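Reader: I would like a close look at one charged side chain and at how its surroundings are built. Please start from that residue and then work outward through the rest of the fold.

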Amino acid sequence: MNKKTLVLGASLKPNRYSNYAIQRLVANKVETVAFGLREGEVSGIVIDTELLNYENIHTVTLYLNPKRQKEYYSYIVSLNPKRVIFNPGTENPEFYEILKENNIAFEAACTLVLLSTNQY
């Protein structure tokens, strides 16, 4: 399973779901990149603090509340991912519409649950 994934809203704090997600993605051998506000590393994945033009992103998994997502709409669309996962608390009907217009699939789901149930 290689669905290269961007964790957007990555945190260095071990009790954050984005941190768990990075750990689980790595454990499941999913190629992972991460963007967050603080530089650091989780499970060998460097958290970038600059928006990079990642290539071949299959999935963007969001860990930002809807208000914080706005500034990343264009960036996410520009990556042309196959899908965007809206983890609990990140659901955003406004962004759903933008993704639909750009033919990008999305789902309101939990990355951790998808991974643990082999539905990722």
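Does Lys-4 count as buried or exposed, and at what relative accessibility?

Author: The structure is a predicted model, in which local features need a pLDDT of at least 70 and side-chain atom pairs count only at pLDDT 80 or more, while totals for chains, interfaces and linings use all residues. Residues are numbered from 1 along each chain as its sequence is written, and side-chain values use heavy atoms, with hydrogens and water left out.

Lys-4 counts as buried, with a relative accessibility of 14%; buried means under 20% relative accessible area, exposed means over 50%, and partly exposed covers what lies in between, using a 1.4 Å probe and protein chains only. Its side chain meets that of Glu-31 in a salt bridge, with 3.8 Å from N to O, where a salt bridge is a side-chain nitrogen of Lys or Arg within 4 Å of a carboxyl oxygen of Asp or Glu. Lys-4 lies in the segment before strand E1 (5-8) and Glu-31 in the loop between helix H1 (17-27) and strand E2 (32-35), so this contact ties together parts that are 27 residues apart in sequence. Helices (H or I, at least four residues) and strands (E, at least two) are DSSP runs, numbered from the N terminus. Glu-31, unlike its buried partner Lys-4, is partly exposed, at a relative accessible area of 38%. In general, side chains of opposite charge can pair when their charged atoms come close.

The whole structure holds four salt bridges, and two others involve helix H4. One joins Glu-94 and Lys-70 at 2.9 Å from N to O, and it links distant parts of the chain, with Glu-94 in helix H4 (residues 93-101) and Lys-70, 24 residues apart from it, in the loop between helix H2 (66-69) and helix H3 (73-79). Glu-94 itself is partly exposed, at 41% relative accessibility. The other joins Lys-100 and Glu-97 at 3.2 Å from N to O; since these two residues are three positions apart in helix H4, about one helical turn separates them. Both are partly exposed, Lys-100 with a relative accessible area of 46% and Glu-97 at 40%.

Helix H4 is followed by a loop leading to E7, and Asn-103 lies in that loop. The phi of Asn-103 is near 55 degrees, a positive value in a residue other than glycine, and Asn-103 counts as exposed, at 71% relative accessibility. A similar description applies to Asn-56, in the loop between E4 and E5, where phi is near 60 degrees, again positive in a residue other than glycine, and where the relative accessibility of 68% counts as exposed.

The strands come next, and two of them pair if DSSP finds at least two bridges between them. Strand E2, which follows the loop of Glu-31, runs parallel to strand E4 (residues 45-48) and is joined to it by two bridges, with Ile-47 as the partner of Ala-34. Strand E3 (residues 40-42) pairs with E4 in the antiparallel sense over three bridges, and here Ile-47 is the partner of Gly-40. The hairpin of E3 and E4 has two residues between the strands, and within it Ser-43 takes a positive phi near 50 degrees.

Strand E6 (residues 83-86) points Arg-83 and Ile-85 one way and Val-84 and Phe-86 the other way, and all of them are buried. Strand E5 (residues 59-62) runs parallel to E6 and is joined to it by four bridges, with Leu-62 opposite Phe-86. Four bridges also join E6 to the parallel strand E7 (residues 105-108), where Phe-106 is the partner of Val-84.

For residues 3-114, an unreviewed UniProt entry lists "domain: CoA-binding"; UniProt positions are given in the numbering used here, feature names are shortened, and annotations may be inferred rather than shown by experiment. Lys-4 is within that listed range, whose end C-alpha atoms lie 13 Å apart and which is 31% helix and 24% strand.
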